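Student: Can we go through a structure together? I would like short answers.

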Amino acid sequence: MLAAILLAVTAHALPPPRLVLLGTAGGPTPKRTRAAPAQAFEVDGAVYVVDCGNGVGRQMALAGLPFLGLRQIFLTHHHSDHAADLVTLPLLAWAAGNESPVTLHGPPPLREAVRAGLHAHAFDIATRRKDEGRGDLAKLLRVHTVKGDGLVLDDGHVRVTAARVLHPPMEDAFAYRFDVAGWSVVISGDTAPSQSLVRLARGADVLVHEVLLADEAEVSRWLEKPPDHPLVQHVVRSHTSFHDVGRIARDAGVKTLVLSHFVPGDAPVDKEAVLAEIGKSFQGKVLFGEDLMVLTPDD
Ligand SMILES: [Zn+2]
Ligand SMILES: [Zn+2]
């Protein structure tokens, strides 16, 4: 009898939550070896996506994430490497049959971006509604503009908290913390070293943090622009060097640091050099993010 009950419970037990790194490159230029920034949590069959770099839908397909489970999208900031498929993703999920509401969370001008994206695809949406009997996508998309630190979502399964980070010239750039059944994961988005991120990530199990693998002189050479060029200065001042990321993980007291948003995105990573540098300040586990890498509370 007990065995039968246990079997029944096990049969209906939901898989543990998982985080999939969908795209681990940084910067808007499409890359050969890594997809554009995006990650997704799958919790009890629902999918929560953080950032929608170009190709995020294809990466979801490769990861086996259900389009019909898409419920929440969180945008860290409006740079195109993170936002190119912001409306394309819910559009494709809708075209794949998702009839559930999808809420987009992110900084201003989120509402305008969503409206413009729907406008760009208005002909396709109208055609499919008439030809395929689909509902109105505009009515399924909800916009929640994130304007400051604090709680973004608590749906009973997932609690999401935001913190504004330093990513000049963007005033509105956010990191997000996900607390799921005792498992805590922070996605840094794009940020220079930020105390607000350290506070948000305090005691988290996992910190997925962006990383710049080059110093100013190397960025200058790689971009073929002088060191004082605005693009070189943006890359150096608005992102976090591998010299600093270990200290951030240590100060936050996280268990695992996952490097992602690699800049430059296509260059081979000298893992030993990066690990040696991070190891000077951080004694926890360090993972080099790869596209489609999966993390669970057991990792
Ligand atoms: Zn970026
Ligand atoms: Zn950015």
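Tutor: What follows covers a metal site and one strand residue. This is a predicted model, where local features need pLDDT of at least 70, side-chain atom pairs count only at pLDDT 80 or more, and totals for chains, interfaces and linings use all residues. Residues are numbered from 1 along each chain as its sequence is written, chains are lettered from A and ligands numbered from 1 in the order in which they are written, and side-chain values use heavy atoms, with hydrogens and water left out.

Student: What are the protein donors of the zinc ion (ligand 1)?

Tutor: Asp81 (OD), His82 (NE2), Asp190 (OD) and His261 (NE2), at 2.1 to 2.2 Å. Donors are N, O and S atoms within 2.8 Å of the metal (3.2 Å for Na, K and Ca); water is not among the atoms, so sites may look incomplete.

Student: How are those donor residues spaced in sequence?

Tutor: The pattern is D-H-x107-D-x70-H. Asp81 in helix H3 (residues 80-83) and His261 in strand S12 (residues 256-263) are 180 residues apart. Helices (H or I, at least four residues) and strands (E, at least two) are DSSP runs, numbered from the N terminus.

Student: Are Asp81 and His261 buried or exposed?

Tutor: Asp81 is buried at 6% relative accessible area, and His261 is buried at 6% too. Buried means under 20%, exposed over 50%, partly exposed in between (1.4 Å probe, protein chains only).

Student: Which residue coordinates both zinc ions?

Tutor: Asp190 does; ligand 1 and ligand 2 are 3.6 Å apart.

Student: New topic: where is Gln39 found?

Tutor: Gln39 is in strand S2 (residues 38-43), buried at 5%.
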